[in-house]
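This briefing goes through selected local features of one protein model, grouped by topic. Please keep the sequence and the structure in view while reading.

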Amino acid sequence: MARELADKGKLAASFFFSRGRGDISHAGMFFTTIATQLAEHVPELGPLISKAIDDHSDIHKQMLRNQWQLLIYEPLENAPTQLKQIVVVIDALDECEGKDDMKLILQLLAQAKNLQTIQLRVFVTSRPEIPILLGFGKMAGETHRDFVLHDIPPLEINHDISVFFQQKLSVVQAEHGLGTPWPDEATIQLLVERAAGLFIYAATTYRFIQDSGDPEEQLSVILSGEFTSTESLTRNLDEMYTNLLQYSVIGDRRPWEHEALLERFRQIVGSIVIISDVLTIKNLANLLYLRSGEVKKALDSLRSVLNIPKDESQPVRIFHPSFRDFLLDKQRCSDRRFWIDEEERHIDLFRHCLELMSKHLRQNICDIREPGVLITEISKDIIQSAIKADLRYACRYWVYHFQQGNSVEEASRILQFLMQHLLHWLEVLSLVGEVSEGVLMIAGLEKILKVGSSLCFLKSL
């Protein structure tokens, strides 16, 4: 959709939410990002948005409502009359971590119907989460049009999935010199039925079969689960994920090896699915105090669900949120050996972050010799060399992991760290442009620890 609109010259801005992916997991930079793209792609709006920034230099710190009004609505309201229609695409709004922010974004975007000289069309994709439904429910009927994928006739969806399987698996058949037809029509139909209208089932099945030396064996693993069409929509998807993990993580390994393999899976993959920003294998290994080869070996068999780039400077990602949802849901993850205890993983990452910072933080971390030098005068290469991605991640997200882990018993660790490294930590945040976040993190800590104990130990600093 976004590409088609871009080709027609109508796409003015887009934003893709993704839970657990740093700045795109929350609404903090949503309107500022949209405004930046509007200024770049719509020349008539550039001067108006620039003036708004000049008049309100702290706009990036203001509330979402003010950002919308000053950076987007007013420039659109004062746009030249020859500017008629533009489109903004918002993908996966349900992946925004703030439920109230989801509703507020929809509420503010709905104000675009009042614009007189320009038509702003907003294309929003989302799963039917409660905040999203409530947000649309408060809009007037003429303000939005709903298109529900589940309302598409099943025959059309099944046809498309069947074509996908036929085309993709025919390539696998040719590459491996398998007999024809492979798979036969009955097997294709069975795969289509198991997909139950979910393209992610089809895509994951294909990757699992394709990324192996024995496609026939991989296909048999997929087909080994019991098919059902009467239970939840995710039942077959969950069954596929379970079979895939049992084969890829444990396989034919000796029974006494299983627990070590499973523990490493929960530590590494569990961290990937809850982490707040993407990291390379090397950076993830440093954060978890593991060897890069150890992490790579644990992930190599999971390429059907994890995007592991050949370029090691690129981060590891999960292909689809459904895999994360499956692992974190004890009811869906029927083989509890693979279930990820979210709070436990957050506390583990919190401890690793604290350990990494305690080891590497120090005064004048960039070894700047000239006193009084401005941060803007320090080369980005010097900053990146001194503050690796794993250390930057730890400085930025250790408080978040502590909050999500919900364990006030860690208070003594935090006190010890802040007594030794508070200024060093704030220095790093300043160098990477996140010092304002540090203030919010300290405020968040104070709030949590006041609830958890009668004294706020931060007052002693």
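In which loop does Y289 lie? Y289 lies in the loop between α13 (281–288) and α14, and its backbone is one of the points taken up below. The model is a predicted one, and the values that follow are computed from its atoms. Among its side-chain contacts, the structure holds 20 salt bridges and 17 aromatic pairs.

**Backbone features in loops**

- Y289 has a phi near 55°, which is a positive value in a residue other than glycine. With a relative accessible area of 33%, Y289 is partly exposed, because it falls between the limits of 20% for buried and 50% for exposed.
- A92 also has a positive phi, of about 60°, although A92 is not a glycine. This residue A92 is found in the loop between β2 (85–91) and α5 (99–109), and its relative accessible area of 12% places A92 among buried residues.
- The peptide bond that runs from W182 to P183 is cis, with omega near -15°, and P183 belongs to the loop between α7 (154–176) and α8 (185–195).

**Salt bridges**

- Side chains of opposite charge can pair when their charged atoms come close.
- Within helix α14 (residues 292–300), D300 and K296 lie 4 residues apart, about one turn of the helix, and their side chains meet in a salt bridge with an N to O distance of 3.4 Å. Both partners are partly exposed: D300 has a relative accessible area of 31%, while the value for K296 is 32%.
- R345 and E344 form a salt bridge in which the closest N and O atoms are 3.5 Å apart. Here R345 is buried, at a relative accessible area of 6%, whereas E344 is partly exposed, at 45%.
- A salt bridge also joins D367 to R362, with 3.2 Å between the closest N and O atoms. D367 counts as partly exposed at 48% relative accessibility, and R362 is likewise partly exposed, with a relative accessible area of 36%.
- Beyond these pairs, a network of salt bridges links E95, R324 and D325.

**Aromatic contacts**

- The 17 aromatic pairs of the structure include F17 with F30, whose ring centres are 5.6 Å apart and whose planes stand at 25°, so the pair is stacked. F17 lies in the loop between β1 (11–16) and α2 (30–41), and F30 lies in helix α2, so this pair ties together parts that are 13 residues apart in sequence. Both F17 and F30 are buried.
- For Y393 and Y397, the ring centres are 4.8 Å apart and the planes stand at 40°, so the pair is tilted. Both residues, Y393 and Y397, lie in helix α18 (residues 389–405), where they are 4 residues apart, about one turn of the helix, and both are buried.
- F17 and F30 also belong to one aromatic cluster, which is formed by F15, F17, F30, F31, W68 and Y73.

**Surface patches**

- Which residues form the negative surface patch? D214, E216, E217 and D252 form this patch. One of its members, E216, is found in helix α10 (residues 215–223) and is partly exposed, with a relative accessible area of 44%.
- A nonpolar patch on the surface is made up of I130, L133 and L134, which together have about 290 Å² of accessible area. L133 lies in helix α6 (residues 130–137), and with a relative accessible area of 47% this leucine, L133, is partly exposed.

**Points to look at again in the structure**

- For the two residues with a positive phi described above, the setting can be compared directly: A92 is buried, whereas Y289 is partly exposed.
- Two pairs may be viewed together within their helices, namely D300 and K296 in helix α14 and Y393 and Y397 in helix α18; the former pair meets in a salt bridge, and the latter is a tilted aromatic pair.

Conventions: Residues numbered from 1 in each chain as written. Predicted model: local features only at pLDDT ≥ 70, side-chain atom pairs only at ≥ 80, totals over all residues. Heavy atoms only, no water. Patch = residues over 30% accessible without salt bridge, like charges linked within 9 Å, V, L, I, M, F, W, Y side chains within 5 Å. Areas by Shrake-Rupley, 256 points an atom, 1.4 Å probe, with all protein chains shown as cover. Salt bridge = Lys/Arg side-chain N within 4 Å of Asp/Glu carboxyl O. Lys, Arg positive; Asp, Glu negative; His and termini not counted. Charge placed at Lys NZ, Arg CZ, Asp CG, Glu CD. Buried < 20%, exposed > 50% of the residue type's maximum accessible area, 1.4 Å probe, protein only. Phe/Tyr/Trp six-rings, centres within 6.5 Å; stacked < 30°, edge-to-face > 60°.
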